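Trainee: Before we go back to the bench, could we work through this structure together, one question at a time?
Mentor: Gladly; please put the structure up and we shall begin.

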Amino acid sequence: QVQLVESGGRLAQAGGSLRLSCAASGRTFSVYAMAWFRQAPGKGREFVAAITRNEDSTYYADSVKGRFAISRDNAINTLFLQMNKVKPEDTAVYYCAQRVWRGESFGREERVSYDYWGQGTQVTVSS
């Protein structure tokens, strides 16, 4: 099992920046890829960005490409999401997720099933 705890969510103004963190504990050595998802009020969960644990491969949703950057620090088992030039439509609860290897290569992560989830952190962007 892997336990995930997100932090860093807050109220931000449009055009501003913020950074989310996700601290992992437990069987982190079993993780293959890590990702951020989000869910806005009244909408379904949406993929945001993903990164492999042991390589530098990244993958982004078109809606955040060029504005958000995903990174991780394996030494402290922490995943990050740097959010720049935020927009009101970025308002959502942001969830950290991780998956183990089950034969699905990295890419098109919005279609892949993730195994472990955090409780989420609220990001609100005002116009």
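**The disulfide and its surroundings**

Mentor: The link of C22 and C96 is left-handed, with -75 degrees about the S-S bond. Please keep in mind throughout that this is a predicted model.

Trainee: How many residues apart are C22 and C96, the two ends of that link?
Mentor: A search of the whole structure finds one disulfide, and C22 is joined in it to C96 with an S to S distance of 2.1 Å. C22 belongs to strand β3 and C96 to strand β9, so that the pair links distant parts of the chain, 74 residues apart.

Trainee: Is C22 buried or exposed?
Mentor: A residue counts as buried when its relative accessible area is under 20%. The value for C22 is 0%, and its partner C96 likewise has a relative accessible area of 0%. C22 is therefore buried.

Trainee: Which element gives the largest share of the largest nonpolar core?
Mentor: This core has 38 residues, of which W36, L81, M83 and Y94 touch the most other members. Several strands give two or more residues to the core, including β3 (18-26), β4 (31-39), β8 (78-83) and β9 (92-100). The largest share is six residues, and the element that gives them is β4.

Trainee: Leaving aside neighbours within four places in sequence, which residues are in contact with M83?
Mentor: M83 is one of the core residues that touch the most other members. With its neighbours within four places in sequence set aside, the contacts of M83 are G16, S17, L18, L20, R67, F68, Y94 and V123.

Trainee: How many charged residues are in the lining of the largest cavity?
Mentor: The whole structure has one cavity of 30 Å³ or more, and about 50 Å³ of space lies in the largest cavity. Among the residues that line it are M34, R53, D73, N77 and Q98. By class, the lining has three nonpolar residues and five polar ones, and the number of charged residues is two.

Trainee: Is K85, whose phi is positive, buried or exposed?
Mentor: Two residues are worth setting side by side here. N77, in the loop between β7 and β8, is not a glycine and yet has a positive phi of about 50 degrees; at 28% relative accessibility, N77 counts as partly exposed. K85 lies in the loop between β8 and β9, and its phi is near 50 degrees. Because its relative accessibility is 58%, K85 counts as exposed.

Terms used. Residues numbered from 1 in each chain as written. Predicted model: local features only at pLDDT ≥ 70, side-chain atom pairs only at ≥ 80, totals over all residues. Heavy atoms only, no water. 1 Å grid on protein atoms, 1.4 Å probe; cavity = no way out; pocket = protein on both sides within 12 Å on 5 of 7 lines; lining within 4 Å. Points joined across faces, edges and corners; volume = space filled by probe spheres on them. Nonpolar A, V, L, I, M, F, W, Y, C, P; charged D, E, K, R; others polar. Core = buried A, V, L, I, M, F, W, Y, C linked by side-chain atoms within 4.5 Å. Buried < 20%, exposed > 50% of the residue type's maximum accessible area, 1.4 Å probe, protein only. Helix = DSSP H or I, 4+ residues; strand = E, 2+ residues; numbered from the N terminus. Contact = heavy atoms within 4.5 Å. Disulfide = S-S within 2.5 Å.
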